[in-house]
Amino acid sequence: MKLRLLALALVAFAASACATADASTPLVVNIRIHYSKFEPASVEIPAGRPVTFVIHNDDPIDHEWLVGDASFHARHRTGTETVHGDRPDEVSVPANTTKSTTITFAAGSYLFICHFPLHEQFGMVGVVTAR
Ligand SMILES: [Cu+2]
């Protein structure tokens, strides 16, 4: 019983530490790529606050995580760049690696898609909703 109370106290302490964290400290969102799917495929974040997306590719093949609006994706669907890395909204994630990127979104909905041939059609699509 004592142990259980201690565990509860620790949980309460951790929760309060989070609540008082500086708003400029990035939140962390983990996204896993497994069997050519994003998990989770839907993420809700606060608008106007930096969020660090940590993208784990568990697959033995390369993927990418490109996030943006409709015109951004229209451009990338026909794009020829095979490797990204210079822009926070365009992340290449080689097989069995983890990459992270920090982005501050204005309120809205943004799709994240892997634009490798046929990956979007297979279902490598997710959505970030910022409110
Ligand atoms: Cu892919």
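Two strands count as paired here if DSSP finds at least two bridges between them. With that in hand, four strands form an open sheet of mixed pairing, in the order β2-β1-β4-β7. Strands themselves are DSSP runs of E with at least two residues, helices are runs of H or I with at least four residues, and both are numbered from the N terminus.

A word on what you're looking at: this is a predicted model, in which local features need pLDDT of at least 70, side-chain atom pairs count only at pLDDT 80 or more, and totals for chains, interfaces and linings use all residues. Residues are numbered from 1 along each chain as its sequence is written, and side-chain values use heavy atoms, with hydrogens and water left out.

**The overall layout**

The chain has three helices and nine strands. Starting at the N terminus, they come in the order α-β-β-β-β-β-α-β-β-β-α-β. Of the 131 residues in the chain, 34% are buried; buried means under 20% relative accessible area, exposed means over 50%, and partly exposed is in between (1.4 Å probe, protein chains only). About 7,800 Å² of the chain is exposed, and carbon and sulfur atoms supply 62% of that. These areas come from the Shrake-Rupley method with a 1.4 Å probe, and for residues only the protein chains shown count as cover. Take the contacts (heavy atoms within 4.5 Å) between residues at least 6 apart in sequence: 67% of them join residues at least 24 apart.

**Strands and their partners**

Back to the open sheet, β2-β1-β4-β7. Its edges are β2 and β7 (98-104), each with a single partner strand, so one side of each is left without a neighbour in the sheet. Neighbouring strands of this sheet are turned by 25 degrees against each other on average, direction ignored. For such angles, axes are lines fitted to C-alpha atoms, for helices over the stretch in contact, and the angles run from 0 to 180 degrees between N-to-C directions.

Here are some of the pairings, bridge by bridge:

| Strands | Sense | Bridges |
|---|---|---|
| β4 and β7 | antiparallel | seven bridges |
| β5 and β6 | antiparallel | four bridges |
| β5 and β8 | antiparallel | three bridges |

To pin these down on the model, look for Pro 50, whose bridge partner in β7 is Thr 104. Glu 64 stands opposite Ser 92 in β6, while Val 67 has Phe 112 in β8 as its bridge partner.

β5 deserves a look of its own: six of its six residues are buried. His 63, Trp 65 and Val 67 sit on one side and Glu 64, Leu 66 and Gly 68 on the other, so to speak a strand with both faces covered. In a regular strand the side chains alternate between the two faces of the sheet.**Helix α2 and the core**

In helix α2 (residues 70-77), the buried residues are Phe 72, His 73 and His 76. Seen down the axis of α2, they fall within an arc of 90 degrees, so they line one face of the helix; the arc is that of the directions from the helix axis to the C-beta atoms. Ala 70, Ser 71 and Arg 75 are exposed on the other side of α2. The buried residues of α2 pack against β5 (63-68), β6 (90-93) and β8 (108-113).

A nonpolar core is a set of buried Ala, Val, Leu, Ile, Met, Phe, Trp, Tyr and Cys residues joined through side-chain atoms within 4.5 Å. The largest one has 22 residues, and Ile 45, Phe 53, Trp 65 and Phe 105 have the most contacts inside it. Two or more residues each come from β1, β3, β4 (50-57), β5, β6, β8 and β9 (125-130). Leaving aside neighbours within four places in sequence, Ile 45 is in contact with eight residues' worth of company, including Val 29, Phe 53, Phe 105 and Val 128.

Ala 107 lies 62 residues from Ile 45 in sequence and 9.2 Å away in space, C-alpha to C-alpha. Ala 107 is in the loop between β7 and β8, and is exposed, with a relative accessible area of 59%.

**Backbone oddities**

Most residues other than glycine have a negative phi, and most peptide bonds are trans. The bond from Glu 39 to Pro 40 is cis, with omega near -5 degrees, and Pro 40 is in the loop between β2 (37-39) and β3 (42-45). Ser 36, in the loop between β1 (27-34) and β2, has a positive phi near 55 degrees and is buried, with a relative accessible area of 12%. Leu 118 also has a positive phi, near 75 degrees; Leu 118 is in the loop between β8 and α3 (119-122) and is exposed, with a relative accessible area of 61%.
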